[in-house]
Each structure stands twice: as structure tokens, then as C-alpha cells.
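Have the model open beside the sequence. The walk below goes from one residue outward to the whole chain, then back to single helices.

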Amino acid sequence: MTDRARGWRIDRRRLLDLLVGRLAALCGMVLILTILSVFAVILWVIYPLFTSPAEYDWGISGPEGIEPGYPILPLIFGTLKGAVYALLFAVPVSVLAALYASQFLPRALKERLKPLVEVTAAVPSVVLGFIGGVWLAPFLASHVFALFLAPVFISGAVAAAFVVRHLAPVRFRVFSPPGREIWLLLAAVLAGGWLALECGALLEAAWLRAGYETWFEESLGLTYAERNAIVVGMVMGLAVAPIIFTLSEEALSAVPRSYLEGSMSLGATRWQTAVRIVLPAAGAGILAAVLLGLSRAIGETMIVLFISGNVPVMDWSAFSGFRALSASVALDLPDAARGDSLYRVLFFAAFLLLVSTFAINTVAELVRRRLRRRYA
């Protein structure tokens, strides 16, 4: 090959690299301008709300009051309530599952189970909301006692299963190889759930006479709604859990191996090392995972639209419904006339969702970068 041909090939590669780099920069600029344009359009629509605030009555609704205007404050409260209950269900399960998968699960089994958990993140939220509203909410409403008994029975079944496994002779330990205890755990959870359903039915037949609503009001002083925060927390927690699990597992796996070796060389057990060394070291990454899950829960629409009951009240009770900002935008925007008060307030609700999710995602990304620099 002549020097001229070699020089032409080098120049063509440089030209191609230059074109690809400029194209990537152009796409990045288009994306940034698109986001800024969305902010600009929303601000242009909601600007009159701040120039003449006396013309708009935001309204604060209550369970028995007449709403003087659009109840924006109960919608903000409902959004936070749904996100909090979703995280209460998702965070403990996801973080502990990530800790077990990263520190104790055999590699062969981890490579099979982890993609299965991550695939659940691709399930459409409308499907989860439909199942929760049509099946889960009526099921829990007809098995309220079982709902109360399930945590106790499941925890007891899991503890009993592992005690029996620990005390059994070695030749009878079917689940002794590492990784097989997960099947023992699954069997214990199913057994505990079945016992809760059976014992709940017996208690209902013995004590319950006038229905759940009357029993709740007379015994606990609470109002039980079929579509309540517990159902939203379960279903939305199922949607948020894969995100928290995946990012938490990556953060836990990124902890240097020297931390584990140093702890175990000093006499610590694997669980002591995992809980006292690995978990605090990956705290920043786990926090970022929880923040991203919070962002997903705040912006969720279809699940809260189907399950929350869409009642704009300010009540932290787990047995009452609520109404979220995203559900209100989806329900009321088609009926709002362009340029009227309701139209602008709904755009303000969308602005609150956009700003909150953008801020949470930004904080989560900063935390992840700090973790990456620490363990790079």
C-alpha cells in the first residue's frame, strides 16, 4: 500500500470519527433543547397563576367538605402518600434480596434469577394496575384478618423452617448446599400465607358479624376503603422493586473484595460481614437506588389511577384511598377547556411532577457518581 493510500485511509477514519462525534453532540443538544422547551411551554401556561393568584382558588378538600376550588394540596399529599407506602413495601424486600444475591447466592443460580427479576420491570404498569384493581383489592377486602395475620405467620414459618434445618442431622439436610435455602424460604412463605388465610377465615367466622366496614369503624375507629394505600403500596412496590433491586445489587457487588477478606480474616461471619461491612460501604449506591424508585413511584399514573380510589383527602391511614397528581392530570385534562383555571392548574400539577422527578433523578445520579469515584 502506498503512502498516499495509507494517508487517505487515515484521513477518512478521522473524518468519520469527526462526523460521529458531531452527530452525537447534535443529538445531545436536541435532547437538552427538547427538555428546556417542555419546561418553557409549561411555564408559559402556568404563568398567569402567579401574576394574578386571586383569580384562582386552589382549594383544600376534606372527607366531608365541599371543595371551593381545585384541590391541589390533597393531590400533592396523595402523591407523597402513595410513594411512601410503595417504598415501605419495596425497599426492605429489594435491598435484602440484593444483599443475599450479591453475597450469598451461588453465581450459577444468580445468573438465572437476577434476569428474571429484572424482566418484571418491563411489565406495563397498566397491567399491574388492572390486576390490582380487579383482583387484589377485592381479595384483600374479603380477607382483612388474613392481611393482619400474614406478616406474623410468614415470619414464624420462615424462622421455624431455618431452625429445623439448623437442628436437623447433616444427612437429612436436603437444603444444605449453598443456594438451595432459597427454595426452603419460598416453601415457608407459601406455607405461612396459607396458614394466615385459613386462620383468618376462622377468625372471621367467629368474630365478624356485621362486615368489615362496621368492624373497622367500631373497633378501630377507621374507615376501610376497598381501594386503599395498602393495595397501592403492594402493586406499586412490585413495579418499583426491580429498579431498587438491580441498582442495589450492583452497588453491593462493587464493594472491594478486600473489605470482605479483611473482615472475615478477623473472625467475622459472612452475615456479620455483609450487614456491618458491605451494607454500609454500599450505602450511597443503595440510597441512589431508593431515590430512583421514589422518582418512579411519584410519576406513576396507571397504578394509582386504577387502585387509589381517586378521593382527594388528606389522611395517612393505610385503609383509606387518595388521589395523586398524575392521576388527576390523566382524568381531568381531557375535560378542561383550553386557557381556563382548571387547565392551568393541571399544567401546574404536571410541572410539580416534572420538577420533583428531575430533582430526585439528579440527586441519585450525583450519588452514583460519588460512589463510582470512591471505588474506582
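**Starting at L294**

L294 is partly exposed, because its relative accessible area is 22% and a buried residue must come in under 20%. The model in which this value is computed is a predicted one. L294 sits in helix α11, which covers residues 283-299. Setting aside residues up to four places away in sequence, L294 touches A83, L87 and I360. L87 is 207 residues away along the chain, yet the C-alpha atoms of L294 and L87 are separated by 7.0 Å.

Stay in helix α11 and go to A288. Is A288 buried or exposed? A288 is buried, since its relative accessible area is 0% and the limit for buried is under 20%. Beyond its neighbours within four places in sequence, A288 is in contact with A364, V367 and R368. A288 and R368 are 80 residues apart in sequence, but their C-alpha atoms lie 6.2 Å apart in space.

Helix α14 runs over residues 341-374 and contains L346. L346 has a relative accessible area of 2%, so L346 counts as buried. Its C-alpha atom is separated by 8.9 Å from that of I46, a residue 300 positions away along the chain.

**The whole chain**

Now step back. The protein chain has 14 helices and zero strands. Read from the N terminus, the order of elements is therefore α throughout, because strands number zero. Of the 376 residues, 38% are buried. The chain exposes about 21,700 Å², and carbon and sulfur atoms supply 68% of that area. Contacts reach along the sequence: among those with a separation of 6 or more, 78% join residues 24 or more positions apart.

How far can the coordinates be read? The mean pLDDT of the chain is 80. A value of 70 or more is reached by 84% of the residues. Among the elements, helix α7 (residues 212-220) has the lowest mean pLDDT, at 65. Helix α8 (residues 229-253) has the highest, at 90. Residues 60-68 stay under 50 in pLDDT. For that stretch the model has 14 contacts beyond four places in sequence. Where pLDDT is low, the predicted coordinates should not be read in detail.

**The core and helix α8**

Next comes the interior. In soluble globular proteins, nonpolar side chains tend to be buried together. In this chain the largest nonpolar core holds 78 residues, and M236 and I244 touch the most other members. Helix α8 gives the most to this core, with 14 residues. M236 touches G82, A86, A297, E300, I303 and V304, not counting residues up to four places away in sequence.

Helix α8 is mostly covered, with 20 of its 25 residues buried. Does its length fit a helix, and what span should its residues give? At 1.5 Å a residue, the 25 residues of α8 should span 36 Å; the end C-alpha atoms are 34 Å apart, which agrees. Look along the helix for a kink. A kink of about 35° lies at V240, shortly before the proline P242.

**Helix α5, another bend**

Helix α5 covers residues 144-167. Its 24 residues reach 35 Å from first C-alpha to last, close to the 34 Å expected at 1.5 Å a residue. Where does α5 bend? The bend is at A150 and amounts to about 40°. A proline, P151, follows within four residues. The buried residues of α5 include V144, F145, A146, L147, L149 and A150. A157 and A161 in α5 are buried as well.

**A loop and helix α13**

Finish at the loop between α12 (302-307) and α13 (325-332), where N310 lies. Most residues other than glycine have a negative phi. N310 is not a glycine, yet its phi is positive, at about 55°. Beyond the loop, α13 is mostly covered: six of its eight residues are buried. They are L325, S326, A327, S328, V329 and D332.

Note on methods. Residues are numbered from 1 along each chain as its sequence is written. Side-chain values use heavy atoms; hydrogens and water are left out. pLDDT is the predictor's confidence in each residue, from 0 to 100. Helices (H or I, at least four residues) and strands (E, at least two) are DSSP runs, numbered from the N terminus. Contact means heavy atoms within 4.5 Å. Buried means under 20% relative accessible area, exposed over 50%, partly exposed in between (1.4 Å probe, protein chains only). Accessible areas come from the Shrake-Rupley method with a 1.4 Å probe; for residues, only the protein chains shown count as cover. A nonpolar core is a set of buried Ala, Val, Leu, Ile, Met, Phe, Trp, Tyr and Cys residues joined through side-chain atoms within 4.5 Å. The expected span of a helix is 1.5 Å times one less than its number of residues. The bend at a residue is the angle between axes fitted to the seven residues ending there and the seven starting there.
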